[in-house]
Amino acid sequence: MNKDSSFICPPFVEKLMSRLSAAGFEVYVVGGAVRDHLMGIVPHDYDLTTSALPEDVIALFSDMRTVPTGIKHGTVSVISDSHAVEITTFRLDGGYSDGRHPDKVSFSKNIADDLARRDLTVNALAWSPSTGVVDLFGGKSDIENRIVRAVGDPHLRFTEDALRILRAFRFAARLDFSIENETFCAAARLKDRLSLVSVERIAAELCGLLLAKNPSPTLHLMKKSGVLSAVLPDIDIPDENIAALSRLADGAILEVRLGRLLRGVADARGALCRLRLSNRTV
């Protein structure tokens with residue numbers, strides 16, 4: 001654990017953390033906000049994780065609007081100064097028999113348990129005023145070295161939830177990071193498990209990746225691993241199409257990027273329809 005006094009929570013988040021702490025609960029900012037802060041990016045979204053049970057959260061914030069967004073999994077959204085903040089109880093995930101969702105979720109009193117179940121080291125970071133940054137899996141080092149790496153055993157992480165394969169590539173594109181070798185190899189070995197993921201989720205990850213400033217290097221890696229063929233089966237995307245994306249103007253809209261990726265590709269329309277993209281996008 002390393003203290004980092006430069007992390008400043010906005011008042012609407014600080015208010016929630018202070019009340020939870022005063023009531024005797026542990027509470028941390030977790031995930032993307034901590035990662036963005038360490039990268040020098042001002043966070044836009046703040047998620048909290050806490051030792052408080054969902055019913056504790058609802059009772060503690062009875063004077064505010066609360067929404068049981070994912071209460072089965074320990075998540076309650078609290079509206080603080082017109083901002084919705086998700087507060088989730090520390091948790092442990094059981095087995096993943098369907099390759100996507102935990103069969104059972106149990107609550108924990110240990111932040112380490114909660115961080116250990118997360119997908120990527122750059123997302124397995126937490127912060128509180130008393131501890132500073134909590135980094136149990138080398139996320140800070142991976143940020144410094146611009147690496148996307150699975151938490152723990154990548155084969156296990158991707159076997160549990162195949163969507164994590166696409167998340168690894170999307171984060172690599174969005175952050176302009178490389179993918180650590182064992183993580184890349186596990187993604188290549190387990191690419192066929194993407195059949196367990198809904199086409200809507202696959203489409204959302206692909207579109208998010210394409211909207212990165214320069215998605216070309218990551219798409220080349222996806223093609224090399226076979227993941228791109230698992231996402232867009234039965235079509236062959238030329239390397240030149242992937243490379244051409246790097247020459248598009250920054251901020252080019254999704255339809256332009258999809259059009260350039262699939263330019264001249266047989267059955268491009270069918271591929272987009274199979275992803276169930278909107279008729280307007282197709």
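How many cavities of 30 Å³ or more does the structure hold? In this predicted model, the count comes to one cavity. Rolling a probe the size of a water molecule over the atoms shows where empty space is left. The space in the largest cavity amounts to about 30 Å³. Its lining consists of Leu166, Phe169, Arg170, Glu205, Leu206, Leu209, Met222 and Val231. Two elements, α7 (163-175) and α9 (199-210), each give two or more residues to that lining. Sorted by class, the lining has six nonpolar residues and two charged ones, with no polar residue.

Met222, one of the lining residues, leads to helix α10, which spans residues 216-225. Which residues of α10 are buried? They are Ser216, Thr218, Leu219, Met222 and Ser225. An α-helix has 3.6 residues a turn, so residues three or four places apart point the same way. The cover over the buried residues of α10 includes α7 and α9, the two elements already named for the cavity lining. Also included in that cover are α8 (181-189), α11 (227-231), α12 (239-244) and α13 (254-261). After α10 comes glycine 226, with a positive phi near 90°.

The next element is strand β1, residues 27-30. In a regular strand the side chains alternate between the two faces of the sheet. In β1, Val27 and Val29 point one way, while Tyr28 and Val30 point the other way. Are these residues buried or exposed? All of them are buried.

Strand β1 pairs with two other strands. With β2 (residues 47-50), β1 forms four bridges in the antiparallel sense. Within this pairing, tyrosine 28 has threonine 49 of β2 as its bridge partner. With β8 (residues 125-128), β1 is joined by two bridges, and these strands also run antiparallel. Here valine 30 stands opposite alanine 126 of β8. Tyrosine 28 and valine 30, which point to one side of β1, thus each have a partner named above, threonine 49 for the former and alanine 126 for the latter.

The cysteines are the last topic. A disulfide is a covalent bond between the sulfur atoms of two cysteines. How many disulfides does the model contain? The count is zero. Cysteine 9 counts as buried because its relative accessibility is 11%, and buried means under 20%. Cysteine 185 has a relative accessible area of 29%, so cysteine 185 is partly exposed.

Notes. Residues numbered from 1 in each chain as written. Predicted model: local features only at pLDDT ≥ 70, side-chain atom pairs only at ≥ 80, totals over all residues. Heavy atoms only, no water. Disulfide = S-S within 2.5 Å. Buried < 20%, exposed > 50% of the residue type's maximum accessible area, 1.4 Å probe, protein only. 1 Å grid on protein atoms, 1.4 Å probe; cavity = no way out; pocket = protein on both sides within 12 Å on 5 of 7 lines; lining within 4 Å. Points joined across faces, edges and corners; volume = space filled by probe spheres on them. Nonpolar A, V, L, I, M, F, W, Y, C, P; charged D, E, K, R; others polar. Pairing = 2+ DSSP bridges. Contact = heavy atoms within 4.5 Å.
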